[in-house]
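Okay, thanks for coming, everyone. Let me put the model up and then walk you through how its two chains sit together.

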There are 2 protein chains.
Amino acid sequence: MTDATPAPAQGPQISDFRLANGLDVVVIPDHRAPVVTHMVWYRNGSADDPIGKSGIAHFLEHLMFKGTEAHGPGVFSDRVAELGGQENAFTSNDYTAYFQRVAREHLGEVMAFEADRMTGLTLSDEVVAPERDVVLEERRMRTDSDPSAQLQEAVQSALFAHHPYGLPVIGWEHEIAALNRDDALAYYRRFYTPENAVLVVAGDVDAQEVRALAEATYGRIPARGAAPVRTRPQEPPLRAHRLVSLADPKVEQPSVSRIYIVPSYRTAAPGVAEGLEVLAHLIGGGATSLFYRRLVMEKKVAVAAGAYYLGTAVDDTRFYLYALPAPDVSLDTLDREIEALLVEAQTTLFPAEELERAKNRLVADAIYAQDNQTAMARWYGASLAIGASIEDIRDWPNRIEAVTAQAVREAARSLDRRRAVTGYLLSEQTPQAA
Amino acid sequence: MTDATPAPAQGPQISDFRLANGLDVVVIPDHRAPVVTHMVWYRNGSADDPIGKSGIAHFLEHLMFKGTEAHGPGVFSDRVAELGGQENAFTSNDYTAYFQRVAREHLGEVMAFEADRMTGLTLSDEVVAPERDVVLEERRMRTDSDPSAQLQEAVQSALFAHHPYGLPVIGWEHEIAALNRDDALAYYRRFYTPENAVLVVAGDVDAQEVRALAEATYGRIPARGAAPVRTRPQEPPLRAHRLVSLADPKVEQPSVSRIYIVPSYRTAAPGVAEGLEVLAHLIGGGATSLFYRRLVMEKKVAVAAGAYYLGTAVDDTRFYLYALPAPDVSLDTLDREIEALLVEAQTTLFPAEELERAKNRLVADAIYAQDNQTAMARWYGASLAIGASIEDIRDWPNRIEAVTAQAVREAARSLDRRRAVTGYLLSEQTPQAA
C-alpha cells in the first residue's frame, strides 16, 4: 500500500467531544473484557516547571495522592485496590497523567474520585515534607547512584542550551529540596483545570455512557475561562559538537549515543516527522535494521545498536542513535562506524523493499497496539496532550505510507553531527574520552 | 609581607555613603588632573534577563541613549562630546554600567543627565525597532561570523546546565528579535531604581562635593521601597565531562580551553576564592607561569597558554585554562599536557618563592591599578555591584597575602576534570574532535 488511500477501518470507533467547561474527552470502545481504563492527562509536564522549581510537575503528581477536602489521604487509592483495580501516574516532559483500570461497573466511582481531585486537593506541610523526602530518595536511587542516568542528565543538559527539555523530569536535587506546599498549590491551581485536561476512557463502555458519567462528575467543575498557556524558551541553533563522557567503575557495559535536536510531529513541516520516524526504524529498529546488521552481525563491533525518534513532543525534540561496543572495541571506533552508516543513509537511498518493510512494520505495530487497551489509551492521551487531533492519529498510517526513500534520505541529512551531542559511558577514564 | 597585617594605606581615601533613597555612592579622590570619572552601576545584568527574553539587559543599555521626557534622543551624548568628554556603557552577567569622563566643572551637569535617565526614559516603537536591528547586527558581526565566539557560546551553554551564566550576554538571536518596547520598559521599571544602583565618582573632587551634587540630582528620585531581588536558578552538580568542539575553515589558530565551575568571591568559603586567584596566576599568569614555562618554553607544544579566574561574580563562576597549540601539535596532545600540569598542581606544593612572587604581583597589580582613575572606578563599581563591600576591597591584599601553598593546592584539587567542559577550536574536522 504505497498510495495515500485511507487506512482501512481496522480500529475501534473512537469518539471525542468536549464538555462545556472545556474538558476534552476521548472514548475508545473495547468490549473484549468487562474492564475499563480511565486516564486523565494534563497538558503540563516538566518542561512547564517554573524556572528554579524543576521537579514541581513530578512532585505534584506524588502529592495528588494525598487527599482532598472530600476524601482523606489514600482513600482513592485504597478504594481502587479494594475494587481489585490498578492505578498509576506518570510525569513526562509535556504531560502528567493519572490512570486506573477497574471493572466496568466501577467507572463512575473512579471518575467521581478523579474529578474530585482535579480541584479539591488539600495539602498540609505534614504531608508535603515527607513526600519531598520520598522524591529526593527516588532521585538518589534512580539517578545519583546510576552512572548511566548521570550521563543522560548531562547529555540532555548539553543538548538543550535553553529549552526546558534539558531539565530532568524529576528535577535538580537542590530545587526539589526547596519545593514547598505553596509552590505545589500554586502550580496545581495554575494547571489542574478542565480546560487543560484530556479524559480518555478505553474499554467496555460506549460514548453515550461515558458522556453521561463525565457530565455528572467532571462536568460539575466550573470552567476557568482559558487554558493555561505553555510559555517555554525556544532553542537557539548551537553550532558546536558536544561530547559528554562519564567514566565510573560501576559501569559494566559501556555505550555510545548520539542525540540530535529535530522537529517533532507538532513542529515539523508536513512529512518531515514521518520521514524521521521511518528513518529511525530503518537504521535502528530491530534485528533487520542497518545498524544491527552492520554493527552487530557483520562487523561485530557492537553487541546492540539502535535508533529512535521521540516524535510525540510539543517542541523540537530528540532523535537518538546508540550502540553498545563489543569487548575490546573502543567507543571512538564505534562512533566512527555509526557516523559512516549515517553518511551512507545521507548519500544513498534505502532499497524499495526495505522501505516498504519498515513502513509496513510501523503501521502494523500501530494496529497491534490496538489490541492493548492501555496502550491505546496512552497513545491517544499522549497525542492529544501534546496538541494533536484525533484526525492526526487516524491519518498517521497514511502519512507513514506516503514516506518516500528520498524523504528518508532528507531526514538523515537533517542530522548534522556538528550540532549533535555524543554521550560516552565508560567504565574507566581512557584516552578515547578525550 | 606574609602575615595578615593591614595593607599600608597606599591608596586614596575612599568614601562611601548611601542617599536616603537607597543609592550607594562611592567617592575616589584623585587630584592629579582636573577630570572626573562618573559611573552608575545597576545591579542587574544578562543573568537577570527574564526567561525567554535573553539580551534584554544589553538591549536596554542601548536604549538608554534614546532620550527622556526632559532630553531628546542623543542630547546627553551630544553634550558630553561638546564638553570634550568621553562616555560609554557596558553590560555583563551581573551588572550594567554607564560612564562619562569630563572636566571636573561639568560633573554636576553629567550627574543631572544620568539621574534624569534613571527614571525618565521614554521609548517609542520608532526608536526601539531600529535599535533592535542594530543589536542583531552586532550579534551577527561578533558571534555568528566568528567560529571562536560560536564555540564560546556553546561552551558556556554546556558548562551551565541551569544557571543563566550559560546564556550569552547579548542574548539568543531569536529572542533578541522578539524584544519590544513593552519588554524594555517593564525591565527598565523593575531594575532602574536608586536602591539597585551604585554611583561611583573618581577624580578631582571630594566626598562633600559629590554628596551635595548627588543629593541635588539622584537624591530627588523617590525611593521605590526595596531593591529588586535577583532570583536565579542555581547550578546542579553535573558529573560528566563535556568536550565541545567546533571546526571551521575560517579558524587560523586552533585552541583548547578547559573551564570549571568554581565559587566566586561572593559564594566562596573564606580564603577559597583567594586560593583560586593565586592558583590562576601561578599556573597561567604571564611568562613566568607554570603553563607558559612548560608548554611554551620547554616542551614547545603551545605558542601561548594561560589561566584566569572570573572571581567577581554574584554566583558560582568560571575558572579558565587555555592553550594555543604549536604547529602540528594536536589538541588532544595539548589537552593531555594541560591535564598533567594540573595534576602536578594538585599533588605538589608550589615553591615558596614562586608563591610569594605571584602574591606580590597580584597585590602590586592592584596597587598599580590605583594609578588609573577609570580602572579604580571600575574595580569599585563592579565589586559593589556584585555585593562586595568597600571593606572587602580594602582587605583584599591582606587576604591574598594570607594564601598558603596548601590553599593553592586545595584550589587546584577543586578543579575536577570529570565535571569540566573542554573546548576545541579546530580549522577542520579531525579524529581528535571525537
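**How the copies meet**

So, let's start with the contact: 100% of the interface residues of chain B are also interface residues in chain A, so the copies meet through the same surface. Contact here means that C-beta atoms, placed from the backbone, lie within 7 Å.

Quick housekeeping. This is a predicted model, where local features need pLDDT of at least 70, side-chain atom pairs count only at pLDDT 80 or more, and totals for chains, interfaces and linings use all residues. Residues are numbered from 1 along each chain as its sequence is written, while chains are lettered from A and ligands numbered from 1 in the order in which they are written.

Now, how do the copies relate? A turn of 179° with a shift of 0.0 Å along the axis lays chain B on chain A, at an RMSD of 0.1 Å (a least-squares fit on C-alpha atoms of residues with pLDDT of at least 70 in both). That's the relation of a two-fold axis.

Back to the contact: chain B puts in 28 residues, and chain A puts in 28 residues. On chain B's side, the elements giving two or more residues are α5 (147-159), α6 (173-176) and β7 (241-247). Those are DSSP runs numbered from the N terminus: helices are H or I with at least four residues, strands E with at least two. β7(B) gives the most, six residues.

And β7 of chain A, residues 241-247, runs antiparallel to β7(B), joined by five bridges; pairing takes at least two DSSP bridges. For one spot to look at, find Val244(A), opposite Arg242(B).

Key: Two residues are in contact if their C-beta atoms, placed from the backbone, lie within 7 Å.
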